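The following exercises are to be worked through with the sequence and the 3D structure at hand. Each task is followed by a solution in steps.

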Amino acid sequence: MSRMTPFSSPHLLGFDAMEKTLERLAKTGDSYPPYNIERLRGADGTGQSLRITLAVAGFAEDDLEVTTEENQLVVRGRQTDETEREYLHRGIAARQFQRCFVLADGMRVTAAELRNGLLAIDLDRPEPERLVRKINISVKD
C-alpha cells in the first residue's frame, strides 16, 4: 500500500524537497526557547514583514548566532558554564539550543536585535517581479 502525500499530484513538479522539509518539521518536538511570530503592517496597511521574537534570557550577544542556511533561518544559543562560581542551588541551567524556521522563496532577514532578554528577528519578502517568458517551440521534421 502506497502512502498519499499532499505533493503526490503529477501537476506539482519539483516539490520533493518541500515534502521532506515538512516531514522533518513534523518530527521536531523541542519547545525551547519559546517564541512568537507576528505580522508587521506597513504604513499603507499592507506588506509581508514578519518578526520572530525568541525568549533568550541569560544569553549575551556573543552567546547567540543567527544565520541563514539555504532556505532556513537558524538561531543557535550556546552558554558556557562559569567554573569560578560555586552554586548552593542551581535552578537556571546553562543550556544550548538550535531553533530552525523554514523560509519561503524570497524571504530575507533584515535585522536582529537583542533587548531585555528577547531576540527579535525581522524578515520581509519584497514583491517579486512578475515575469512572463515566451518559450519558442521548435519543429523537427
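**Exercise 1.** Is D124 buried or exposed, and what is its relative accessible area?

*Solution.* The model is a predicted one, in which local features need pLDDT of at least 70 and side-chain atom pairs count only at pLDDT 80 or more, while totals for chains, interfaces and linings use all residues. Residues are numbered from 1 along each chain as its sequence is written, and side-chain values use heavy atoms, with hydrogens and water left out.

Step 1. The classes are set as follows: buried means under 20% relative accessible area, exposed means over 50%, and partly exposed lies in between (1.4 Å probe, protein chains only).

Step 2. The relative accessible area of D124 is 17%, so D124 is buried.

**Exercise 2.** Determine which residue forms a salt bridge with D124, and where the two residues lie.

*Solution.* Step 1. A salt bridge requires a side-chain nitrogen of Lys or Arg within 4 Å of a carboxyl oxygen of Asp or Glu. By this rule there are six salt bridges.

Step 2. The partner of D124 is R108, and their closest N and O atoms are 2.8 Å apart.

Step 3. Strands (E, at least two residues) and helices (H or I, at least four) are DSSP runs numbered from the N terminus. R108 belongs to strand β6 and D124 to strand β7, and the two residues are 16 apart in the chain.

Step 4. R108 has 44% relative accessibility and therefore counts as partly exposed.

**Exercise 3.** Describe the salt bridge of D122 and the one between E65 and R78.

*Solution.* Step 1. D122 is joined to R51, with 2.6 Å between the closest N and O atoms. This pair connects strand β7, which holds D122, with strand β2 (residues 49-55), which holds R51, across 71 residues.

Step 2. D122 is buried because its relative accessibility is 17%, whereas R51, at 27%, is partly exposed.

Step 3. E65 and R78 meet at 3.9 Å, N to O. E65 is in strand β3 (residues 64-69) and R78 is in the loop between β4 (72-77) and β5, 13 residues apart.

Step 4. E65 is partly exposed at 34%, and R78 is partly exposed at 43%. Both residues belong to a network of salt bridges that links E65, E69, R76 and R78.

**Exercise 4.** In what order do the strands of the four-stranded sheet stand, and which strands are at its edges?

*Solution.* Step 1. Strands of a sheet pair through backbone hydrogen bonds, either parallel or antiparallel. Two strands count as paired if DSSP finds at least two bridges between them.

Step 2. The order is β1-β2-β7-β6, the sheet is open, and the pairing is antiparallel. β1 and β6 (108-115) are at the edges with a single partner strand each, so one side of each has no neighbour in the sheet.

Step 3. On average, neighbouring strands of this sheet are turned by 20 degrees against each other, direction ignored. (Axes are lines fitted to C-alpha atoms, for helices over the stretch in contact, and angles run from 0 to 180 degrees between N-to-C directions.)

Step 4. β6 pairs with β7 (residues 118-124) over seven antiparallel bridges. In this pairing, L114 stands opposite L119 in β7.

**Exercise 5.** Carry out the corresponding analysis for the open sheet of three strands.

*Solution.* Step 1. The order is β3-β4-β5, again with antiparallel pairing. β3 and β5 are the edge strands, each with a single partner, so each has one side without a neighbour in the sheet.

Step 2. From one strand to the next, the twist averages 15 degrees.

Step 3. Six antiparallel bridges join β3 and β4. The bridge partner of T67 is V74 in β4.

**Exercise 6.** How many aromatic pairs are there, and why is the pair of Y32 and F97 edge-to-face?

*Solution.* Step 1. Rings of Phe, Tyr and Trp (its six-membered ring) pair if their centres lie within 6.5 Å; planes under 30 degrees apart are stacked, over 60 edge-to-face, and the rest tilted. The count by this rule is three aromatic pairs.

Step 2. The ring centres of Y32 and F97 are 5.9 Å apart and the planes stand at 85 degrees, so the pair is edge-to-face. Both residues, Y32 and F97, are buried.

Step 3. A second edge-to-face pair is that of Y35 and F101, with 5.2 Å centre to centre and 85 degrees between the planes. Y35 is in strand β1 and F101 in strand β5, so the pair ties together parts that are 66 residues apart in sequence.

Step 4. Y32, F59 and F97 form one aromatic cluster.
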